[in-house]
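Me: I am new to this structure and would like to go through it carefully, one question at a time. Please show it to me before we begin.

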Amino acid sequence: GARARRAADSHRLAARPVLRSLRAWTSDREQRRRAATYVTALCAEPNEADVEWLCAHGTDGDVDHARWELRYARRALGLLGAQRDALDDRTASLVATELARSLAGDRAVAPGKLRMAERQLNARLSAYGDALANRAGEGSGWHLGRALLDFAGHRDAASPEVIALAGDLLARYLAEANEALRENFGAASLPG
């Protein structure tokens, strides 16, 4: 009797860490899957109207450069959105890991140019992060637009309307990323 109870209690206690480890592993795997799905959304090709607009207002007609800038703007803004708006502190780290994995497998990155693509993405992360934090003057939307035009090669004076439209384009990308973030990781619910 007593020996059987002790053995059953011992077995039950030994199983608890295994169950906790299994739950943690399953949860971690699910979070990585969500991050991969989110990054897939961030890697969507820019629509042709956006590419044409940036060609006309930023890259002097260079379609490949315009498409590249918009791809990396969406990815950078998506990671920044995950850092800023995710419900779980680990989400941004998981997204960054998946984004790096995605970039390593991106067919648009020429063989041998991964390090350069990583540096360029990091430059955009830094510039767009600074722009989002900068509320001076016309606000963060203007600073986002200016950063996009600078990366596109349009460093000379752009009209306020063009800068505003560039900012609106990136604000739309950020809103789309935040929607994908909510779809994949959930939305915050405020106590009622």
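Me: Leaving aside neighbours within four places in sequence, which residues is Tyr128 in contact with?
Reply: This is a predicted model, in which local features need pLDDT of at least 70 and side-chain atom pairs count only at pLDDT 80 or more, while totals for chains, interfaces and linings use all residues. Residues are numbered from 1 along each chain as its sequence is written, and side-chain values use heavy atoms, with hydrogens and water left out. Contact here means heavy atoms within 4.5 Å. Once the neighbours within four places in sequence are set aside, the partners of Tyr128 are Ala73, Ala76, Leu77, Leu80, Leu144, Ala147, Leu148, Phe151 and Leu170.

Me: Which helix gives the most residues to the largest nonpolar core?
Reply: A nonpolar core is a set of buried Ala, Val, Leu, Ile, Met, Phe, Trp, Tyr and Cys residues joined through side-chain atoms within 4.5 Å, where buried means under 20% relative accessible area, exposed over 50% and partly exposed in between, with a 1.4 Å probe and protein chains only. The largest such core has 49 residues, and Tyr38, Leu54, Leu77, Val95, Tyr128, Leu149 and Leu170 touch the most other members. Two or more residues come from each of several elements, including helix H1 (2-42), helix H5 (114-133) and helix H7 (160-185), helices being DSSP runs (H or I, at least four residues) numbered from the N terminus. The most, 11 residues, come from H7.

Me: Why are H5 and H6 described as roughly antiparallel or roughly parallel?
Reply: Axes are lines fitted to C-alpha atoms, for helices over the stretch in contact, and angles run from 0 to 180 degrees between N-to-C directions. H5 and H6 pack with their axes 7 Å apart, at an angle of about 155°. Angles under 35 degrees count as roughly parallel, over 145 as roughly antiparallel, 65 to 115 as roughly perpendicular and the rest as oblique, so H5 and H6 are roughly antiparallel.

Me: Is Ala175 buried, partly exposed or exposed?
Reply: Ala175 lies in helix H7, and its C-alpha atom is separated by 9.4 Å from that of Leu77, although the two residues are 98 residues apart along the chain. Because its relative accessibility is 43%, Ala175 counts as partly exposed.

Me: Which residues of H4 meet H3?
Reply: H3 and H4 pack at an angle of about 160°, with their axes 8 Å apart. From H3, the residues taking part are Tyr72, Arg75, Leu79, Ala82 and Gln83, and they meet, in H4, Ala92, Val95, Ala96, Leu99 and Leu103.
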